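Biologist: I would like to go through this structure with you step by step. Please explain each term when it first comes up.

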Amino acid sequence: AYSQVIDLPIIRIQILMPTTPTAPATPLMTFVITCYDLPADMLRECVTAIFSLAFQPGEREVIVIDDGSKLPAITDIDDVKDQIIYLRQPNSGLACARNMGIRVATGRYIQFVDGDDYLLRVPYEHCLDLVRYHNPDMVLFDFSTRSSVATPYSYEGPMSGSEYMQGHNLHGTACGYIFSRELLGSLRFTAGILHEDEEFTPQLILRAERLFYTDAKAYYYRQRRGSIMHADAASHIDKRLSDSLAVILRLQQMAATMPETDRQALARRVAQLTMDYLYNTIQLTHSRQRLDDAIATLEQQGLYPLPDKRYTRKYWMFRRLVQSKMGRSLLLHIVR
């Protein structure tokens, strides 16, 4: 493989390209793997899982984005460097790493994968069949915390993204779907925030005209105590809650300017994220004052009380409890 260093307006990245010439045809899929200081076995398992998928020559592109690991991640997968594109950049966060992956990707479809997770071969190939035979804008699938999952699978679609969002809950994570690169337009992740997926995903889904959902548990999600979403320092908790609120407010503002069907779809997502924000305030702080302050802020923005909808049983029950002082006391006692 050969190495090339390029200067961009903000960052300087190093790119390791395969030695073999790239196939002239556009790849069907680009897999964007992001990593930062991962154990070697995790990144290797992630890459190996992608290599195990059934692709014809030239159909698959694998991009590994090393977001400033202390030791270059390429040393952990040196034996496959001729089969991937490796980019190493100064530590800039997940949003910037994924945006770089979007910039470099050439495939018709993109799949994000966190380097400490991996794709489950049989259910994921079911998702690929939907891509190959139905020409979708997006294919949404489920997650698993076990490496062995049940078959067979069912699917729904095609439908518009708006139709899907009005009738379903979302997994906000950007790793939960395959999407057409053309669907993106100028949409990118907002840098410097946590929960950037929660802002990105509903906007992307609303652009889809041919969306499919399958119950295939195609993505193995590994819960690591050391990962950023499990950090419990007070400063991290404050940022997590602050960024969540900022995302909710931006989505609320977007919804106000959308056509009616899209507005209703995004309003449901805003309500669910608002419920999550209050739930996380309870779970992460166990503070009655923090909960009351959060409710007061939401009330000022027209986001509280939560809409009287039966989106899910959990939403309906939480909404009833959080509306009363006694209910809030109960939530503070039972949410851990």
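Biologist: Where is the place of Thr 274?

Modeller: This is a predicted model, in which local features need pLDDT of at least 70 and side-chain atom pairs count only at pLDDT 80 or more, while totals for chains, interfaces and linings use all residues. Residues are numbered from 1 along each chain as its sequence is written, and side-chain values use heavy atoms, with hydrogens and water left out. Helices (DSSP runs of H or I, at least four residues) and strands (runs of E, at least two) are numbered from the N terminus. On that numbering, Thr 274 belongs to residues 260–285, which form helix 7.

Biologist: Is Thr 274 buried or exposed?

Modeller: Buried means under 20% relative accessible area, exposed over 50%, and partly exposed in between, using a 1.4 Å probe and protein chains only. Contact means heavy atoms within 4.5 Å, and, not counting residues up to four places away in sequence, Thr 274 touches Ile 248, Leu 298, Leu 303 and Leu 306. Because its relative accessible area is 1%, Thr 274 is buried.

Biologist: How are helix 9 and helix 10 oriented to each other?

Modeller: Axes are lines fitted to C-alpha atoms, for helices over the stretch in contact, and angles run from 0 to 180 degrees between N-to-C directions. The axes of helix 9 (residues 313–322) and helix 10 (residues 325–334) come within 6 Å and cross at roughly 120°. Angles under 35 degrees count as roughly parallel, over 145 as roughly antiparallel, 65 to 115 as roughly perpendicular, and the rest as oblique. Helix 9 is therefore, with respect to helix 10, oblique.

Biologist: Which residues of helix 10 make the contact with helix 9?

Modeller: On the side of helix 9, the contact is made by Phe 318, Leu 321 and Val 322. Their partners in helix 10 are Gly 327, Arg 328, Leu 330 and Leu 331.

Biologist: How many disulfides does the count come to?

Modeller: A disulfide is a pair of cysteine sulfur atoms within 2.5 Å. For Cys 46, the nearest cysteine sulfur is that of Cys 35, 8.7 Å away. The sulfur of Cys 175 has its closest cysteine sulfur in Cys 46, and because the distance is 8.9 Å, this is too far for a bond. By this rule, the number of disulfides is zero.

Biologist: Which residue follows helix 3 with a positive phi?

Modeller: Most residues other than glycine have a negative phi, and most peptide bonds are trans. The residue in question is not a glycine, although its phi is positive, at about 50°, and its place is in the loop between helix 3 and strand 8. Since its relative accessible area is 48%, it counts as partly exposed. The residue that follows helix 3 is Asn 135.

Biologist: What is omega for the peptide bond that joins Thr 151 and Pro 152?

Modeller: Pro 152 lies in the loop between strand 8 (138–144) and strand 9 (155–159), and because its relative accessibility is 74%, Pro 152 counts as exposed. The bond between Thr 151 and Pro 152 is cis, and its omega is about 0°.

Biologist: How far apart in space are Leu 120 and Ser 147, C-alpha to C-alpha?

Modeller: Leu 120 is found in the loop between strand 7 (118–119) and helix 3, and it counts as buried because its relative accessibility is 5%. In sequence, Leu 120 and Ser 147 are 27 residues apart. In space, C-alpha to C-alpha, their separation is 7.1 Å.
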